[in-house]
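Good morning, and thank you for coming. I would like to take you through one protein structure, and I ask that you keep the display in view while I speak.

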Amino acid sequence: MNTWFAPGRANLMGEHTDYNGGMVLPFALAQGVTATVAGRADGLLVMRSKQMTGNPVVVDVTRLSPGSVRGWAAYPAGVAWALTAAGYPAGGADIDIDSDLPVGAGVSSSAAVECSVALALCELSGFALERRELAAIARRAENDFVGAPTGMIDQYAALLCQAGHAMLLDCGTQRIRQVPFDPVRAGLVALVIDTRVTHALVNGEYAARRAECEEAARHLGVPSLGALVTAVAATASESESFGQAVERALSRLADPVLRRRARHVICDSWRARQIADALDAAAEPGTFERIGQLLTEGHASLRDDFEVSWAEADVTVATARAAGALGAKMVGGGFGGSVLALVPAERLAKVRAAVAEELAGRSMEAPGFLEAVPAPAARRLA
Ligand code: GLA
C-alpha cells in the first residue's frame, strides 16, 4: 500500500467568486487528508475512514452512478466514477482515509479527500494526468456524483498551490499567478479560527447564491460576473474609485438583492487581485496593514452583500480585530466553518484569549485554532 496526501486550504480572498469566473487567492495548509491505497483485482472499492462511522463502505467500481453512494464515501467513490467517465477507467481498490482537518470547517476537507484519492488511483493505473485536468475531474466528482454545486477553487488549491505562496487563480481563464506569502517571515500568524459551527454545502443556500449570481449576469448581459471585473477596473478613473465604477456598472440591475450579490463578487475578485499585488510588493511598509484591511472589507461584503456569514464568524472577526488582528474574514462557502485572521505574532495570545472569552460569554462553542503555514500541494508520501 502507498500513501498520498492532499492539503486543506484557506482562502485569503475571493469567496463565491470561483463559480462566477472571478479571482480567488487560496493557499494550501500543512494539514490535510491521507489516502492509503492498494489496487484490488475483484473490482471492488473498499473504503474506510478513521474519522467516520459505518466502515467499511464497499461498492463495485463498475456499478457507480451519481447518487449511488451517500455520506463520506461518496467523495472517494465519486473520484473513481469521474475518472472512468473522463476515459481513465478506475479499477478496484482498498482506500483508507485519514485526516487531520476539521470536517465542515470551511477548509476544504472534501476536496482533500478527492484529490488524494485521485492522485492515488491515477498512479496505480499508470495514468499521467496534468494537475489541472485532475482538478477538473475531482471537481466533477463533487458536482455530479456527490451533488454539491461548488466551484473550482478547492481542487485547484489542493493540487496546484505552492509552499510559501498564495495562488491567484483567475477562474475565468484558469490563469495562475503564484505570489509569495510567508506570514511567519513578516512576524505574523495566519490564524484559522474554527467556529465549530459546521456547514453542509449540499444544502440549498449555496445553490441559491449561485442561481442569483447567474441571474444577475443574465440581466447585465455578461457571460459571468467575473467578466465584469477587468471592464469595471478599466473604466475607473482618477476621479472615480473602483467602488463607484462598480455602482455605475450595476445601476442597470433593478433588483437590490441581485445588485448586492453582484457587487460582492466583483469587489471580492478585485480585492483578491489587490492582495496579490500587495504580496508581490510585501517589502513596502504598511503592506500587511493594507492586506488586513482588505480582509475585513471582504468579511463585511460576505456578511452584508452576499449574506453567507454567521453569528459566530461576525463575533470572531470583530473580537480578533479589537484585540489587535490586522484583519479577519470568514473562509469558504459560509453558514459555518472558519475565520482567517492575520495577527502580529506578539498579539497572538491576546487575540486567541479574547476570541475564546467572547464566544464563551455568548454561550457559543469554544473555537479551535490553527496557525496556518502556506504549504505544498498534494503528493505521494510513501
Ligand atoms: C466552497 C466551495 C468553493 C467556493 C467556496 C466559496 O468552499 O467548495 O468552490 O465556492 O465555497 O468561496
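Which residues of helix H6 (residues 227–235) are buried? They are Leu228, Val229 and Val232. These residues cover an arc of only 105 degrees around the axis, which puts them on the same side of H6. As for their surroundings, the buried residues of H6 pack against helix H5 (204–220), helix H7 (242–250) and helix H8 (256–280). I should add at once that we are looking at a predicted model.

Let us turn to the sheets. An open sheet of 6 strands has the order E5-E4-E6-E3-E1-E13, and its pairing is mixed. Strand E5 (57–60) and strand E13 (379–380) stand at the edges; each has a single partner strand, so one side of each lacks a neighbour in the sheet. The partner of E5 is strand E4 (residues 44–49), to which E5 is joined by 4 bridges, and the two run antiparallel. Within this pair, methionine 47 stands opposite valine 57 in E5.

The loop between E4 and E5 deserves a pause, for it holds proline 56. What kind of peptide bond joins asparagine 55 and proline 56? It is a cis bond, with omega at about -20 degrees. For context, most peptide bonds are trans.

A second open sheet has 3 strands in the order E2-E7-E8, with antiparallel pairing. Its edge strands are strand E2 (23–24) and E8, each of which pairs on one side only. E2 is joined to E7 by 2 bridges, and valine 24 stands opposite leucine 169 in E7. On the other pairing, 6 bridges connect strand E7 (residues 165–170) with strand E8 (residues 175–180). Here alanine 166 stands opposite valine 179 in E8. E7 and E8 form a hairpin with 4 residues between them, and glutamine 174 in that turn has a positive phi of about 65 degrees.

As a general rule, most residues other than glycine have a negative phi. Where else does the model show a positive value? Arginine 196 has a phi near 65 degrees, and it is not a glycine. Arginine 196 sits in the loop between strand E9 (188–194) and H5, and it is partly exposed, with a relative accessible area of 44%. Serine 363, also not a glycine, has a positive phi of about 55 degrees. Serine 363 belongs to the loop between helix H11 (348–361) and strand E12 (368–372). Is serine 363 buried or exposed? Serine 363 counts as exposed, because its relative accessibility is 70% and the cut-off for exposed is over 50%.

For a contrast with these loop residues, please find threonine 316, which is in helix H10 (residues 311–322). Threonine 316 counts as buried, because its relative accessibility is 1% and buried means under 20%. Which residues does threonine 316 contact, apart from its neighbours within four places in sequence? They are Ile193, Thr195, Val339, Val355 and Leu359.

Next, the cysteines. A disulfide is a covalent bond between the sulfur atoms of two cysteines. How many disulfides does a search of the whole structure find? It finds 0. Cysteine 115 is in no disulfide, and the nearest cysteine sulfur, that of cysteine 122, is 11 Å away. Cysteine 115 is buried, with a relative accessible area of 0%. Why does cysteine 267 form no bond with cysteine 213? The sulfur of cysteine 213 is the closest cysteine sulfur to that of cysteine 267, but the distance is 13 Å, which is too far for a bond. Cysteine 267 is buried as well, at a relative accessible area of 15%.

Finally, I come to the largest pocket, which has a volume of about 620 Å³. Its lining is made up of 35 residues, and those nearest its centre are Tyr75, Val103, Gly104, Ser109 and Ser110. The elements that give two or more residues to this lining are strand E6 (92–99), helix H2 (109–125) and helix H4 (153–160). Which element gives the largest share of the lining? That is H2, with 3 residues.

Thank you for your attention.

Key: Residues numbered from 1 in each chain as written. Predicted model: local features only at pLDDT ≥ 70, side-chain atom pairs only at ≥ 80, totals over all residues. Heavy atoms only, no water. Pairing = 2+ DSSP bridges. Disulfide = S-S within 2.5 Å. Buried < 20%, exposed > 50% of the residue type's maximum accessible area, 1.4 Å probe, protein only. Arc of directions from axis to C-beta. Contact = heavy atoms within 4.5 Å. 1 Å grid on protein atoms, 1.4 Å probe; cavity = no way out; pocket = protein on both sides within 12 Å on 5 of 7 lines; lining within 4 Å. Points joined across faces, edges and corners; volume = space filled by probe spheres on them.
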